[in-house]
Amino acid sequence: MTTEELLARHRAVLPNWINPLYAEPIELVSGTGCRVTDADGRTYLDFFGGVLTTMIGYDIPEISDAVRRQLDRGIAHSSTLYLIRKQVELAEKIAKVSGIPNPKVFLANSGTEANDTALLLATQFRRSNQILAMRNSYHGRSFAALGVTGQRSWSATSLSPVNVSYLHSGDRLRGVFAGLPDAEYIRRAVADLREVLATTTAGDVACLIAEPIQGVGGFVAPPDGYFAAVKEVLDEYGILWVSDEVQTGWGRTGEHFWGYQAHDAVPDMLTFAKGVGNGFALGGVVARAEVMDCLGAISFNTFGGNPVSASAGSAVLDYVLDHDLQANAARLGDLLHAGLRGLHSPIVAEVRGKGLMLALEFVRPGTLDPAPELALRVLEETKANGLLVGKGGLYGNVIRMGPPLTLSEAEAKEGLDILAGAIAAAQRQA
Ligand SMILES: Cc1ncc(COP(=O)(O)O)c(C=O)c1O
């Protein structure tokens with residue numbers, strides 16, 4: 001069966017709203033380290049990792065062995081009706097690195113489920129369905145997670161169990177906070193928060209949910225220290241802070257293990273998913289015990305923290321810590337950020353991100369007009385030259401990258417060369 005035939009079958013049987021990338025979509029059939037091979041035998045350096053999820057690369061023996069050991073026992077599933085040793089071990093490890101005081105951990109299967117749970121906990125703990133979220137956010141695809149989404153193109157319905165007030169995003173390229181220096185941005189954003197609380201809520205808000213660096217939103221982030229200033233206001237009202245670390249966790253930002261740590265404040269809850277499973281379905285919430293234990297009903301999760309995913313997650317976390325991948329993310333992130341900044345292209349309005357979260361925002365030369373067609377050109381051009389990257393941003397004009405944290409210096413330089421060539425090609429088209 002050819003790739004075109006597979007695409008035709010995909011389109012016939014799967015929903016229209018699941019769209020593979022590229023004019024000619026590809027099927028990845030094998031991988032090793034930071035490289036993948038498609039069904040037509042072409043190999044790519046992977047700077048996206050299935051949306052920052054293959055966090056330590058492909059075909060890692062430590063992970064495969066841990067999963068195989070569990071499968072060899074014959075128990076792929078037992079449910080949370082029974083004790084799951086691997087689940088307890090993983091929860092203990094995550095609690096220890098979370099930085100949340102008196103932590104308890106709930107294991108689920110995805111980022112959506114993690115955020116849905118955090119919203120459930122916050123609304124029950126505070127007995128309020130009022131939520132603060134950020135414009136340009138993305139937190140998942142359940143009703144509650146969609147209800148706190150701040151992007152029209154991802155907002156499939158207005159039906160929602162929560163009542164949301166939106167704060168401004170960290171965007172200082174455009175909009176009302178355009179061009180503001182860090183301190184002034186924080187001052188005005190906090191003043192806006194006070195106004196939002198006073199004018200659009202009944203006061204007893206449950207929580208603020210926010211990504212430290214907005215993933216789908218194109219790696220837009222407020223300045224370091226923003227969430228500490230915001231938390232001071234939240235504390236006045238008893239409002240909880242949920243940090244969505246689905247993309248920013250596990251050392252990816254290089255400078256810290258969690259995105260929230262750039263702000264010198266500690267959230268009440270953090271949510272995680274993607275990278276910790278390195279491809280196995282795993283997500284969850286860390287919350288202060290009094291918040292986690294506030295539910296007045298039994299709750300049950302058939303697959304959450306199942307022995308296979310939990311074995312994978314435990315092995316991934318050990319690998320990240322044993323190999324100090326956070327330090328690698330810092331070192332190679334610096335190299336890549338400097339390389340991309342050094343390109344000085346008139347079609348790149350901003351190079352954003354931290355560590356191994358890198359984004360390029362494309363505009364028409366000499367303007368701030370979003371240029372999604374140039375981002376698309378870079379996407380296709382990088383693919384043609386053997387590099388996989390992602391796309392995002394409010395206007396679809398951002399190239400996003402989240403290479404595996406195991407990236408080598410040679411691979412970083414190889415990717416940089418391909419990106420430079422692709423940007424030059426797009427620049428000729430502009
Ligand atoms: C920050 C963030 N939160 C939550 C989610 C939802 O995670 P999932 O797709 O695993 O449900 C995503 C997915 O991209 C995300 O980027």
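## Aromatic pairs, helix H5 and a surface patch

Both Trp250 and Phe257 are buried in this predicted model. Their rings form an edge-to-face aromatic pair. Phe257 also pairs with Trp258, and this pair is edge-to-face because the planes stand at 90°, where an angle over 60 degrees is required. Trp258, like Phe257, is buried. The geometry of the two pairs is as follows.

| Aromatic pair | Centre to centre | Angle between planes |
|---|---|---|
| Trp250 and Phe257 | 6.0 Å | 90° |
| Phe257 and Trp258 | 5.3 Å | 90° |

The whole structure contains 10 aromatic pairs. Elsewhere, Phe177, Tyr185, Tyr226, Phe227, Trp241 and Tyr260 are linked by ring pairs into a cluster.

Helix H5 covers residues 111–126. With 16 residues at 1.5 Å each, H5 should span 22 Å, and the distance of 22 Å between its end C-alpha atoms therefore agrees with expectation. At the start of H5, a side-chain oxygen of Ser110 comes within 3.5 Å of the backbone nitrogen of Thr112. Thr112 is itself buried, and the buried residues of H5 also include Gly111, Ala114, Asn115, Thr117, Ala118, Leu119, Leu121, Ala122 and Thr123. Just after H5, Arg127 adopts a positive phi of about 50°.

At the surface, Leu81, Tyr82 and Phe300 make a nonpolar patch of about 380 Å². Phe300 is located in the loop between helix H9 (289–292) and helix H10 (307–322). Its relative accessible area is 47%, so Phe300 is classed as partly exposed.

How values were computed. Residues numbered from 1 in each chain as written. Predicted model: local features only at pLDDT ≥ 70, side-chain atom pairs only at ≥ 80, totals over all residues. Heavy atoms only, no water. Helix = DSSP H or I, 4+ residues; strand = E, 2+ residues; numbered from the N terminus. Expected span 1.5 Å × (residues − 1). Buried < 20%, exposed > 50% of the residue type's maximum accessible area, 1.4 Å probe, protein only. Polar contact = N/O pair within 3.5 Å; in protein donor to acceptor, adjacent residues only side chain to side chain. Patch = residues over 30% accessible without salt bridge, like charges linked within 9 Å, V, L, I, M, F, W, Y side chains within 5 Å. Areas by Shrake-Rupley, 256 points an atom, 1.4 Å probe, with all protein chains shown as cover. Salt bridge = Lys/Arg side-chain N within 4 Å of Asp/Glu carboxyl O. Phe/Tyr/Trp six-rings, centres within 6.5 Å; stacked < 30°, edge-to-face > 60°.
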